[in-house]
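Thanks for coming. I will go through one structure this morning, and I will keep to what can be read from the coordinates.

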Amino acid sequence: MKIKKALIPVLGASLIAPSFVQGAQAQESMSQVTTPAVELRGTLDHLLSEHFALAVLSMQKQYDGDDGAEAAQEALMQNAADMKPAIASLYGDEGAEEFDRIFSGHNEYTADYVQAVKDGDTEAQEEASKMIDEFYVEFGEFLEGATEGALPSDAAIEVLDIHEQQVEDAFNAYVEGDYETAYMTYREGLSHMFDISAALSNAIVEQKPEMFEGTTPLTDAGNLRSDLSNLVAEHFALATLSMSKEFKDSEDFDFVSWAEDENTADLKATIASVYGDEGGEQFEQIWQGNHILAQSEYVNAVKNEDDEAKEAAKNKLSTFADEFGTFLDAATEGILPAADATELVNMHEDQVFTTFDRYTEGDYAGSFETFREGYAFTFDIGSGLAGAIVEQNPDLFEEEAAMPEMPQTGMGGSQQGISLQWMAWILAGATVAFTGYFGVRKFRTNA
């Protein structure tokens, strides 16, 4: 399988499912997770959440005087430019130009805000804040006009206001050294972008139903895809950030690592909700030891210029990929074959390592290029996992299907969407195979 180089899928009837999704689906008919409307939502999930991740990263690097600050800002601006084709396919070139003027401008205002804080210039800081406030009002009005009122400006302004406040709060907490608040807000803000894309995609589809073949983005299958993409994308963003912070012995490293642990805890809670605490503990041990901790071991090996330790860390990650591929094969009853799943995990880890290696080598533009490729790839993974789960359990994703109430993991995401606990409940049919994989004789079932 080859990684897609293009980061922007073509919208409308010509939307193309990722290669991972195509390989995971046995039926020839369109999957519920790759309908035109759900693909639109997936595209917006990707680009809007990437905007948030890059905005926070760019602000931190600019404030710290990091050598990669310019490359981070360029990646943020390229993210905005990549949205133009999507907007043009919906609202024409004129609409795309107006969108770009408004959206790209607010990235510059954010950079001005950081510089003002860094310089201690309160007047310039207030001016930058004023321009940012004007952005979300102007952008809210643009969205109302573009969607012909399907997304009212008041509603759009409200969610954009929350977004900008989260970006500002995460940055201000970082500057003040309140890293726990900074990264708690980071997680909340990243998830909030998926709420925005859900609302925006629904408004667009309501406005142009014929373009999306009568499909809707806010389905159980679409929610599952979005929630899985949220968690996997957050993992990638935090993993690459954690490695660079550890390499530089940054003061906030422990808190980035804490946020990464919170991301892991969401997965652990998913497993424990079906297989009990013992199953959750086994999952955490495998996920942390041969995965998260192996990444940290690689960072320290690079710092110490220890080639043998670097190779040992890579071998651990290869073992993790094999084990996780076996798990996915068993859990999905072969819908995701072990060989394909293992290859995907290896590709993901290669993107994490290449992002880090290029950064330590001073190739900052290359590092952010790989970051963007890797971040985009996580949405292929989320789509593919969701497609396999829906194919395995089609009755659970019918309009009338009743789903049990499940405990919340605290991950965030769409408030109307499926929690990742659903994934565990859906995979309950694979208990025997999964039990064998973890090597635990008995799991308690909470369903």
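I will start with the overall make-up, then take a bent helix, a helix crossing, an aromatic cluster and a few single residues.

Please keep in mind that this is a predicted model. The protein has 13 helices and 0 strands, so there is no sheet to discuss, given how helices and strands are assigned. From the N terminus on, every element in the run is α. Of the 447 residues, 57% count as buried.

Now to helix α3, which covers residues 69-119. How far apart are its end C-alpha atoms? They are only 16 Å apart, although the helix has 51 residues. A straight helix would reach 75 Å at 1.5 Å a residue. Along α3 there is a bend of about 135° at Tyr91. After the end of α3 comes Gly120, with a positive phi near 70°.

Next, the crossing of α7 and α11. Two packed helices are described by the angle between their axes and the distance between the axes. Helix α7 is residues 220-247, and its axis comes within 8 Å of that of α11, with a crossing angle of roughly 145°. The crossing is right-handed. What kinds of residue make up the contact of α7 with α11? There are 15 nonpolar residues, 7 polar and 1 charged.

Staying with α11, let me turn to the aromatic side chains. The structure holds 23 aromatic pairs. One of them is Tyr375 with Phe379, a tilted pair at 5.4 Å centre to centre, with 55° between the planes. Why are these two separated by about one helical turn? Tyr375 and Phe379 are 4 residues apart in helix α11, residues 364-392, and that spacing is about one turn. As a general point, an α-helix has 3.6 residues a turn, so residues three or four places apart point the same way. Tyr375 and Phe379 are both buried. They also belong to a wider cluster, in which ring pairs link them with Phe194, Phe236, Phe368 and Phe371.

Two loop residues deserve a mention for their backbone angles. Glu213 is not a glycine, yet its phi is positive, near 55°. Glu213 sits in the loop between α6, residues 179-207, and α7. Is Glu213 buried, partly exposed or exposed? Its relative accessibility is 48%, so Glu213 counts as partly exposed. The other one is Glu333, again a residue other than glycine, with a positive phi of about 55°. Glu333 is in the loop between α9, residues 307-331, and α10, residues 338-360. Its relative accessibility is 55%, so Glu333 counts as exposed. The cut-off for exposed is over 50%.

Last, two residues in helix α6. Thr185 lies in this helix and is buried, because its relative accessible area is 9%. From its C-alpha atom to that of Phe171 the separation is 9.3 Å, and the two residues are 14 apart along the chain. Leu200 is also found in α6. With a relative accessibility of 14%, Leu200 counts as buried. Which distance separates Leu200 from Leu151 in space? Their C-alpha atoms are 7.1 Å apart, while in sequence the two residues are 49 apart.

That is the end of my list; I am happy to go back to any part of it.

Notes. Residues numbered from 1 in each chain as written. Predicted model: local features only at pLDDT ≥ 70, side-chain atom pairs only at ≥ 80, totals over all residues. Heavy atoms only, no water. Expected span 1.5 Å × (residues − 1). Bend = angle between axes of the 7 residues up to and from the residue. Phe/Tyr/Trp six-rings, centres within 6.5 Å; stacked < 30°, edge-to-face > 60°. Buried < 20%, exposed > 50% of the residue type's maximum accessible area, 1.4 Å probe, protein only. Axes fitted to C-alpha atoms, helices over the stretch in contact; angles between N-to-C directions. Left-handed = near helix turned anticlockwise from the far one by under 90°. Nonpolar A, V, L, I, M, F, W, Y, C, P; charged D, E, K, R; others polar.
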